[in-house]
Amino acid sequence: MKIGILGDIHGYLPGSDMMGIDYAVELTERLQVDAFVQVGDMCHYRSFAQPVYWIFGNNDWTDVVRQIETGERPLENLHHIKTGDVVTLEKGGETIRIAGLNGAYDGLYYDLEDGPERPLESLPFLIRSDVERSMQLRDIDILLAHGCPAGLGYGREPDYSVQPIRDVLDAVQPRFMFCGHAHYYNSSCL
């Protein structure tokens, strides 16, 4: 099974006048893959030609995420993966299990309790219960996180690289992990 990987989309592509979301839509039309995964900070929301499974980042609009999930904003081939949920893709006898940890880390919000009293501005950020729920995942092929796990050498910890995401990575031990937030651009292919 072929999976395309989309990083942070944000606004315009670096050094161009093309919107990142338009480029992502074009990729889903041109690349011959079975599905795409996206690591948050989509920031603009469109229908896609191929299935896109995504998590949200700190620059995504949580009310738009809710609208997409409830069908108030009907978009084709855009599937949000909630923290702790597993999406299973199957094709030709091959199975891939995908899970994600939504939001970025901010120490200001990390110890908040989830629930109706949670401040609106904290919703794009992961909290301790998200990490605890994610640490229970097993047999995951692809783990998505918006932030990066500590220990990768990106610096600027705890902004780019955080220990709670590292704890999830160490507990889950997925075959692959993809993360965004650090904004390192790379156009090479594996």
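**Figure 1. The surroundings of G7, in the loop between β1 (3-6) and α1 (20-30).** In this predicted model, G7 follows the strand β1 and precedes the helix α1, within the loop that lies between them. With a relative accessibility of 36%, G7 counts as partly exposed. When residues up to four places away in sequence are set aside, G7 touches Q38, V39 and G40. A further residue to look for in this view is H146, which stands 139 residues from G7 in sequence, although the two C-alpha atoms are 9.0 Å apart in space.

**Figure 2. The helix α1 and its buried face.** Which residues of α1 are buried? They are G20, I21, A24, V25, L27 and T28, and, seen down the helix axis, they fall within an arc of 155 degrees, so that they line one face of α1. An α-helix has 3.6 residues a turn, and therefore residues three or four places apart point the same way. The buried residues of α1 pack against three strands, namely β1, β2 (35-38) and β3 (52-54), whereas E29 and R30, on the other side of the helix, are exposed.

**Figure 3. The open, parallel sheet β1-β2-β3-β4.** The strands that receive the buried residues of α1, which are β1, β2 and β3, belong to an open sheet of 4 strands, in the order β1-β2-β3-β4 and with parallel pairing. At the edges stand β1 and β4 (78-80), each of which has a single partner strand, so one side of each is left without a neighbour in the sheet. Neighbouring strands here are turned against each other by 25 degrees on average, direction ignored. Within the sheet, 3 bridges join β2 to β3, and these two strands run parallel; F36 stands opposite V52, a residue of β3.

**Figure 4. The open, mixed sheet β5-β6-β7-β10.** Another 4 strands form an open sheet, in the order β5-β6-β7-β10, and their pairing is mixed. Its edge strands are β5 (86-91) and β10 (176-179), each of which pairs on one side only. On average, and with direction ignored, neighbouring strands of this sheet are turned by 20 degrees against each other. The strand β7 (residues 142-145) runs parallel to β10 and is joined to it by 4 bridges, and the bridge partner of A145 is C179 in β10.

**Figure 5. The surroundings of R118, in the loop between β6 (94-101) and α3 (128-134).** Is R118 buried or exposed? R118 is buried, because its relative accessible area is 12%, which falls under the limit of 20%. A polar atom of the R118 side chain lies 2.9 Å from the backbone oxygen of S122. Leaving aside residues up to four places away in sequence, R118 touches L112, E113, L123, F125 and I127.

**Figure 6. The whole chain, as a setting for the close-up views.** The chain holds 4 helices and 10 strands, and, read from the N terminus on, its elements run β-α-β-β-α-β-β-β-α-β-β-β-α-β. Its radius of gyration is 16 Å, close to the 16 Å that the globule rule gives for 190 residues, so the chain is as compact as a globular protein of that length. The C-alpha trace spans about 40 × 35 × 35 Å along its principal axes, and buried residues make up 45% of the 190 residues. Of the contacts between residues at least 6 apart in sequence, 57% join residues at least 24 apart.

How values were computed. Residues are numbered from 1 along each chain as its sequence is written. This is a predicted model: local features need pLDDT of at least 70, side-chain atom pairs count only at pLDDT 80 or more; totals for chains, interfaces and linings use all residues. Side-chain values use heavy atoms; hydrogens and water are left out. Buried means under 20% relative accessible area, exposed over 50%, partly exposed in between (1.4 Å probe, protein chains only). Contact means heavy atoms within 4.5 Å. Two strands pair if DSSP finds at least two bridges between them. Axes are lines fitted to C-alpha atoms, for helices over the stretch in contact, and angles run from 0 to 180 degrees between N-to-C directions. A polar contact is a pair of N or O atoms within 3.5 Å; within protein, one must be able to donate a hydrogen and the other to accept it, and residues adjacent in sequence count only if both atoms are side-chain atoms. The arc is that of the directions from the helix axis to the C-beta atoms. The radius of gyration is taken over C-alpha atoms; the globule rule is 2.2 Å times the number of residues to the power 0.38.
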